[in-house]
Amino acid sequence: MQRTLSIIKPDAVKKGVIGKILDRFESNGLRIVAMKKIQLNKEDAKNFYAVHKERPFYNDLVEFMTSGPVVVSVLEGENAVLKNRDLMGATNPKEAKPGTIRADFAENIDANAVHGSDSLENAKIEINFFFKENELS
């Protein structure tokens, strides 16, 4: 069993599609181990996305991720990282396959509805960023 991190981003939270997105995970064999709705502050957003610090979209990403509440969850299941990435679809929703979360709920490459860990190693780091051990069941 693997665990991965999922973030439902401010655009999707604002649209009221949290339940629809969570249903996609559960309907495809991913169990929600932990979940919380939070408002990221700039410092946390900068630290979480520090890997992108040198990229031209970094400041816009931080602004976007702090523009409203997000839902952060830990998903568990067989091949959870890959399964979540498949469910999300391509980063650019115009390139995402029909039926994926981004194809169905994202507005554009910046407001693309969800974030998911891109590797098992990053999943562990990202889960630990948002959750304490006693919050994971």
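In the predicted model, four strands form an open sheet in the order E2-E3-E1-E4, with antiparallel pairing. Strands E2 and E4 are the edges, each pairing on one side only. From one strand to the next, the twist averages 20°. Helix H2 packs on this sheet and touches E1, E2, E3 and E4. The direction of H2 makes about 165° with that of E1.

Strand E1 (2–8) is mostly covered, with five of its seven residues buried. E1 and E3 run antiparallel and are joined by seven bridges. Within this pairing, Gln2 has Gly77 of E3 as its bridge partner. E1 also runs antiparallel to E4, to which three bridges join it. Here Ile8 is matched with Val114 of E4 as its bridge partner.

A second helix on the strands is H5 (residues 80–88), which lies across E1, E3 and E4 and runs at about 30° to E1. The buried residues of H5 are Ala80, Val81, Asn84, Leu87 and Met88. Viewed down the axis of H5, these residues fall within an arc of 130°, so they line one face of the helix. In general, an α-helix has 3.6 residues a turn, so residues three or four places apart point the same way. The face of H5 turned away from the buried side carries Leu82 and Asp86, both exposed. The buried residues of H5 pack against strands E1, E3 (70–77) and E4 (114–116), and against helices H2 (18–27), H6 (101–105) and H7. Just after H5, the chain reaches Gly89, which takes a positive phi of about 90°.

Helix H7 (residues 120–130) likewise has a buried side. In H7, Ala123, Glu126, Ile127 and Phe130 are buried. Around the axis they cover an arc of only 100°, which puts them on the same side of H7. The face turned away from that side carries the exposed residues Glu121, Lys124, Ile125 and Asn128. The cover over the buried residues of H7 includes the strands E1, E2 (31–38), E3 and E4, together with helices H3 and H5. Contact between H5 and H7 thus appears from either helix: H7 is among the elements against which the buried residues of H5 pack, and H5 is among those covering the buried residues of H7.

Aromatic contacts were examined next. The structure holds four aromatic pairs. One of them, between Phe48 and Phe130, is tilted, with 5.1 Å from centre to centre and 55° between the planes. Phe48 belongs to helix H3 (residues 42–48) and Phe130 to H7, so the pair ties together parts that are 82 residues apart in sequence. Both Phe48 and Phe130 are buried. These two residues, with Tyr49 and Phe129, form one aromatic cluster. A further ring, that of Phe131, lies under the charged end of Lys36, which sits over the ring at 4.7 Å from its centre.

Key. Residues are numbered from 1 along each chain as its sequence is written. This is a predicted model: local features need pLDDT of at least 70, side-chain atom pairs count only at pLDDT 80 or more; totals for chains, interfaces and linings use all residues. Side-chain values use heavy atoms; hydrogens and water are left out. Rings of Phe, Tyr and Trp (its six-membered ring) pair if their centres lie within 6.5 Å; planes under 30 degrees apart count as stacked, over 60 as edge-to-face and the rest as tilted. Helices (H or I, at least four residues) and strands (E, at least two) are DSSP runs, numbered from the N terminus. Buried means under 20% relative accessible area, exposed over 50%, partly exposed in between (1.4 Å probe, protein chains only). A charge sits over a ring if NZ of Lys or CZ of Arg is within 6 Å of the ring centre and within 35 degrees of the ring normal. The arc is that of the directions from the helix axis to the C-beta atoms. Contact means heavy atoms within 4.5 Å. Two strands pair if DSSP finds at least two bridges between them. Axes are lines fitted to C-alpha atoms, for helices over the stretch in contact, and angles run from 0 to 180 degrees between N-to-C directions.
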